[in-house]
Amino acid sequence: MSNQAAGGSHRAAPVHTDPEDVSVLTALSAVADPVRIQLIRELAGSADWTRSCGSFDVPVGKAALSHHFSVLRGAGLVEQRDEGPRRVNRLRREEFDARFPGLLNLVLRVDQRD
């Protein structure tokens, strides 16, 4: 049962990438997609661990949403954990800002054109 997440979930625990291991190209690629920008912005406006994956109003299906979260985890931007049947998220702002100072601030600016 080593692949199971805490709480007895049938899903494997999500794999997270340390932002220190992320290249600038990977980071830029992760923040270049409009759906991922929306996810990042909504997470930035929410308290840690309060948003489940299904709580985002994005124009994609479950499989595509899962892919977008995988890309964000792979870029060191998002951390996820399972709480019962829900997978909840937090933006790894401090860690990402330490690796790429100012990049997240640019993404979060709402006065720019997407």
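These legends walk through several close-up views of a predicted model. Residues are numbered from 1 along each chain as its sequence is written, and side-chain values use heavy atoms, with hydrogens and water left out. Because the model is predicted, local features need pLDDT of at least 70 and side-chain atom pairs count only at pLDDT 80 or more, while totals for chains, interfaces and linings use all residues.

**View 1. Three strands make an open sheet.** The strand order is 1-3-2, and the pairing is antiparallel. Strand 1 (51-52) and strand 2 (78-83) stand at the edges with a single partner strand each, so one side of each has no neighbour in the sheet. Strand 1 meets strand 3 (residues 86-91) over two bridges; look for S52, whose bridge partner in strand 3 is V88. Here, strands (E, at least two residues) and helices (H or I, at least four) are DSSP runs numbered from the N terminus, and two strands pair if DSSP finds at least two bridges between them.

**View 2. Helices meet the sheet.** Helix 2 (residues 34-44) lies across strand 1, strand 2 and strand 3, at about 80 degrees to strand 3. Helix 3 (residues 62-74) packs on the sheet too, touching strand 2 and strand 3, and its direction makes about 120 degrees with that of strand 2. Contact means heavy atoms within 4.5 Å; angles run from 0 to 180 degrees between N-to-C directions, using lines fitted to C-alpha atoms, for helices over the stretch in contact.

**View 3. L25 sits in helix 1 (residues 24-30).** Is L25 buried or exposed? With 66% relative accessibility, L25 counts as exposed. The cut-offs are under 20% relative accessible area for buried and over 50% for exposed, with partly exposed in between (1.4 Å probe, protein chains only).

**View 4. D82 and R87 share a salt bridge.** Side chains of opposite charge can pair when their charged atoms come close. A salt bridge is a side-chain nitrogen of Lys or Arg within 4 Å of a carboxyl oxygen of Asp or Glu. For D82 and R87 the N to O distance is 2.7 Å, and both residues are buried. The whole structure holds seven salt bridges.

**View 5. E83 pairs with R81.** Their closest N and O atoms are 3.0 Å apart. E83 is partly exposed at 33% relative accessible area, and R81 is partly exposed at 35%.

**View 6. E79, R90, R92 and E95 form a salt-bridge network.** Within this group, E95 and R92 meet at 3.5 Å, N to O. E95 is partly exposed (26%), whereas R92 is buried (10%).
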